[in-house]
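Please explain how this protein chain is built. The account should move from its overall composition to its pockets, its charged pairs and selected individual residues.

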Amino acid sequence: MDKFRMIFQFFQSNQESFMNGICGIMALASTQMYSAFDFNCPCLPHYNLAYGLGILLVPPFILFLLGFVLNNNISMLAEEWRRPRGRRGKDPAVLRYMFCSMAQRAMIAPAVWVSVTLLDGKCITCAFCTSVPVESLGNASHPRLSQGEIQRVLARIPCKEIYNGQQLIANEVAVRYLRCISQALGWCFVLLMTTLAFLVRSLRPCFSQAAFLKSRYWSHYIDIERKLFDETCAEHARSFAKVCIQQFFEGMSTDLVAAHCHLPRKAPADAEEAAEKLLGITDQGTMNMALKSWHRCKPPLQLHPPALPTGNGWAGEGQPPTYPSAPRRETAAYYSWV
């Protein structure tokens, strides 16, 4: 249990670790889904190709979209892309970094599905069974069959229980031939994905490390800023609701006292604290205006204007920097005559 707790805490440490954990879980889920999937090839000439390629390509597309849906940054990216410019500009490099980061993580589960499917070989066997070279692997001259009849016979290769073309080509030979091709494609796909990941991870810092760090930093900043804004809004809503409820019960107690019902009145201890957290926003219209202002014109990312250095150091030539003087301590001495 301690190991699982440590893994869970690692996934919750930051947004990237959390999304890496989600992508790993989706990759494992994709393999379990394929192992539990009941593959049934239709064994018909005009449907085998559509069914085989559909099983190979449609689930990865769904997993890719699901990876975007489960990513918490997709709403943040859409919000940052669609918001008005306002007082803060939008950096396209940050938006590209966020999109590429989500796309890379969303591609893990589809890549695992395609790799497992190709290495298993059922989809390729079903899709391309009518393309088996009968001239080199079988006996095309023995039975006198038309081209359409040969296609119908070859389409039944994945269905061993109804295959009736042993004189044309042995079922084991055709299945082994197609499965070898599928496994070769699967290993090539795995090698290609691994090589691309290695190149992206290793070569990117060699060319644009400064731009990458800048984009990554501001991407984290947007995520943290959104979380802090949501927490601040939730805290303000809690304080607003607390003050409203306290005022309601105070009004009710005043009405009961006026009706000659003497009830013990106790001043709430945290009423002033809740009122301070409202930060002067005490009505619905002002709060709505603040929320619209945050969306339309976010504050610029400049806390304090820095002093511009000139020459060899400070703004004043030859003058050292001035620091605020430390507050003076005043001591009082008391003398008593004994």
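In this predicted model, 27% of the 338 residues of the protein chain count as buried. The secondary structure comes to twelve helices and zero strands, and from the N terminus on the order of elements is accordingly written α-α-α-α-α-α-α-α-α-α-α-α.

The UniProt record, an unreviewed entry, carries the annotation "transmembrane region" for residues 21-37, 49-72 and 181-200. Two of these spans can be set against the model. Residues 49-72 are 92% helix and 0% strand, and the C-alpha atoms at the ends of this span are 37 Å apart. The span 181-200 is 100% helix and 0% strand, with its end C-alpha atoms 29 Å apart.

Attention now turns to the empty space around the helices. Rolling a probe the size of a water molecule over the atoms shows where such space is left. The largest pocket has a volume of about 850 Å³. It is lined by 25 residues, of which Cys-100, Gln-104, Arg-105, Val-200 and Arg-201 are the closest to its centre. Four elements each give two or more residues to this lining: helix H2 (15-36), helix H5 (92-106), helix H6 (108-120) and helix H10 (171-258). The largest share comes from H10, which provides twelve residues. In chemical class, the lining of the largest pocket comprises 13 nonpolar, six polar and six charged residues. Both domain 1 (1-207) and domain 2 (211-257) take part in this lining, with at least three residues drawn from each.

The second largest pocket has a volume of about 290 Å³. Among the 14 residues lining this second pocket, Thr-232, His-236, Leu-279, Ile-281 and Met-287 are the closest to the centre. Here the elements that give two or more residues are H10 and helix H12 (284-296). The lining of the second largest pocket divides into nine nonpolar, three polar and two charged residues.

The charged side chains form a further set of contacts. Side chains of opposite charge can pair when their charged atoms come close. The structure holds seven salt bridges. One of them joins the side chains of Arg-83 and Glu-80, at 3.1 Å from N to O. Arg-83 is buried, with a relative accessible area of 2%, and Glu-80 is buried as well, at 7%. Because a residue counts as buried under 20% relative accessible area, both values place these partners in that class. The pair also belongs to a network of salt bridges that links Glu-80, Arg-83 and Lys-298.

Which parts of the chain does the salt bridge between Glu-225 and Arg-88 tie together? The side chains of these two residues meet at 2.9 Å, N to O. Glu-225 lies in helix H10, whereas Arg-88 lies in the loop between helix H4 (73-82) and H5, so the pair ties together parts that are 137 residues apart in sequence. Both Glu-225 and Arg-88 are buried.

Another salt bridge is formed by Asp-91 and Lys-214, whose closest N and O atoms are 3.8 Å apart. This pair, too, links distant parts of the chain, since Asp-91 is in the loop between H4 and H5 and Lys-214 is in helix H10, 123 residues away. Are these partners buried or partly exposed? Asp-91 is partly exposed, with a relative accessible area of 29%, and Lys-214, at 39% relative accessibility, likewise counts as partly exposed.

Two cysteines complete the account. Cys-23 has its place in helix H2 and is buried, with a relative accessible area of 5%. Cys-23 and Gly-67 are 44 residues apart in sequence, and their C-alpha atoms are 7.2 Å apart in space. Cys-43 is located in the loop between H2 and helix H3 (48-70). At 5% relative accessibility, Cys-43 counts as buried. The phi angle of Cys-43 is near 55°, a positive value in a residue other than glycine.

How values were computed
Residues are numbered from 1 along each chain as its sequence is written. This is a predicted model: local features need pLDDT of at least 70, side-chain atom pairs count only at pLDDT 80 or more; totals for chains, interfaces and linings use all residues. Side-chain values use heavy atoms; hydrogens and water are left out. On a 1 Å grid over the protein atoms alone, a cavity is a set of points where a 1.4 Å probe fits but cannot get out, and a pocket is an open set with protein on both sides within 12 Å along at least five of seven lines; lining residues have an atom within 4 Å of a point. Grid points are joined across faces, edges and corners, and a volume is the space filled by probe spheres set on the points. Ala, Val, Leu, Ile, Met, Phe, Trp, Tyr, Cys and Pro count as nonpolar, Asp, Glu, Lys and Arg as charged, and the others, Gly among them, as polar. Domain bounds come from an automatic or database domain assignment. UniProt positions are given in the numbering used here, feature names are shortened, and annotations may be inferred rather than shown by experiment. A salt bridge is a side-chain nitrogen of Lys or Arg within 4 Å of a carboxyl oxygen of Asp or Glu. Buried means under 20% relative accessible area, exposed over 50%, partly exposed in between (1.4 Å probe, protein chains only).
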